[in-house]
Amino acid sequence: MVAKKSREEIKLMKIAGSIVAKVHAEMKNVIKPGMSTLDLDKIAYEIIKDNKATPTFLGYHGFPASICASINEEVVHGIPSEKRILKEGDVISIDVGATYRGLVGDGAWTYPVGEIDSKVQKLLEYTERALYAGISKMIEGNVLDDVSGAIEDVANEGKFGIVRQYGGHGVGHNMHEEPFLYNYRVGSKTKIKAGNVIAIEPMLNLGVDDVMVLGDEWTVITKDKLPSAHFEHTVMAGESEPLILTKL
């Protein structure tokens, strides 16, 4: 059973989501060669606090920052550091959560740093496409596998690897709620109902599916060290169309 959110909960989640969107709007403006990932974390923290919210990630299971900042082969959960300096040709995935009056918004985007390789640009384009393909299936009467399958189809079309160990999830009063959403078909017949809220987040790789966790026990990288991309929106299912909550 996937919990439906009330109108009041959705109202607060839209505010939380708009704060996440404000962070991403600023990330798009400021990301450039020479910046450290700690610089980006500080900017995100200030935006979240200035909007009377709290950084959802900070302290979550001990995570030490307000954003996950994952560069190139880092898939997710990269820890911001003053030593991680962006350079021309990198890509960086920024994942951020904001909690407003007890409700969470969660969103991620992968940004180019200056000019990037055409193959990596295609990876970003297809991962974003996969996100919106999944979102389009968040309609009452569909099942979770419809969302997962839409993501998988776009990944397969582009011949990209699909991260298998991580995926989307319910979100609301907690950052991670039921259900878990795979980014490929698993046969799930769980019905989607209007008012269900899920963070949809395809993670696609330029190479193989396989990933591993580094010694910091957070940072996930591709096993072949090729770039990865990560796009995420918090989405409410509707009777006839979905509603993206993480937007301005």
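Which residue stands opposite Ile94 in S4? In the structure, which is a predicted model, that position is taken by Ala69, and the pairing belongs to the contact between strand S2 (residues 67-71) and S4, which run in the antiparallel sense over five bridges.

Strand S4 has further partners. Strand S1 (residues 54-55) pairs with S4 in the antiparallel sense over two bridges, and within this pairing Pro55 stands opposite Ala98. Strand S5 (residues 103-112) is likewise paired with S4 in the antiparallel sense, here over ten bridges, and Trp109 of S5 is the bridge partner of Ile94. Ile94 is thus placed opposite Ala69 and is also bridged to Trp109. The hairpin formed by S4 and S5 has two residues between the strands, and in this hairpin Arg101 takes a positive phi near 50°.

The burial of S4 is consistent along its length. Ten of the ten residues of the strand (residues 91-100) are buried, so S4 is largely enclosed by the rest of the structure. In a regular strand the side chains alternate between the two faces of the sheet. In S4, Val91, Ser93, Asp95, Gly97 and Thr99 point one way, whereas Ile92, Ile94, Val96, Ala98 and Tyr100 point the other way, and all of these residues are buried. Ile94 and Ala98, for which the opposing residues Ala69 and Pro55 were named above, therefore belong to the set that points the same way from the strand, together with Ile92, Val96 and Tyr100.

Turning to charged side chains, the structure holds seven salt bridges. One of them joins the side chains of Glu152 and Arg185, with an N to O distance of 3.0 Å. Because Glu152 lies in helix H4 (residues 144-158) and Arg185 in the loop between S8 and S9, this pair ties together parts that are 33 residues apart in sequence. Arg185 also meets the side chain of Asp153 in a salt bridge, at 2.9 Å from N to O; since Asp153 is in helix H4 and Arg185 in the loop between S8 and S9, the pair ties together parts that are 32 residues apart in sequence. Glu152, Asp153 and Arg185 are accordingly linked in a network of salt bridges. With regard to solvent accessibility, Glu152 is buried, with a relative accessible area of 14%, whereas Asp153 is partly exposed at 39% relative accessibility and Arg185 is partly exposed with a relative accessible area of 42%.

Another salt bridge is formed by Arg164 and Asp209, whose closest N and O atoms are 3.2 Å apart. Arg164 lies in the loop between strand S6 (161-162) and strand S7 (168-170), and Asp209 in the loop between strand S10 (203-205) and strand S11 (211-213), so that this pair ties together parts that are 45 residues apart in sequence. Arg164 is partly exposed, with a relative accessible area of 31%, and Asp209 is partly exposed as well, with a relative accessible area of 26%.

The loop between strand S8 (177-181) and strand S9 (197-200) also holds Val186. At 41% relative accessibility, Val186 counts as partly exposed, and together with Phe180 and Tyr182 it makes a nonpolar surface patch of about 240 Å².

Technical notes:
Residues numbered from 1 in each chain as written. Predicted model: local features only at pLDDT ≥ 70, side-chain atom pairs only at ≥ 80, totals over all residues. Heavy atoms only, no water. Buried < 20%, exposed > 50% of the residue type's maximum accessible area, 1.4 Å probe, protein only. Helix = DSSP H or I, 4+ residues; strand = E, 2+ residues; numbered from the N terminus. Pairing = 2+ DSSP bridges. Patch = residues over 30% accessible without salt bridge, like charges linked within 9 Å, V, L, I, M, F, W, Y side chains within 5 Å. Areas by Shrake-Rupley, 256 points an atom, 1.4 Å probe, with all protein chains shown as cover. Salt bridge = Lys/Arg side-chain N within 4 Å of Asp/Glu carboxyl O.
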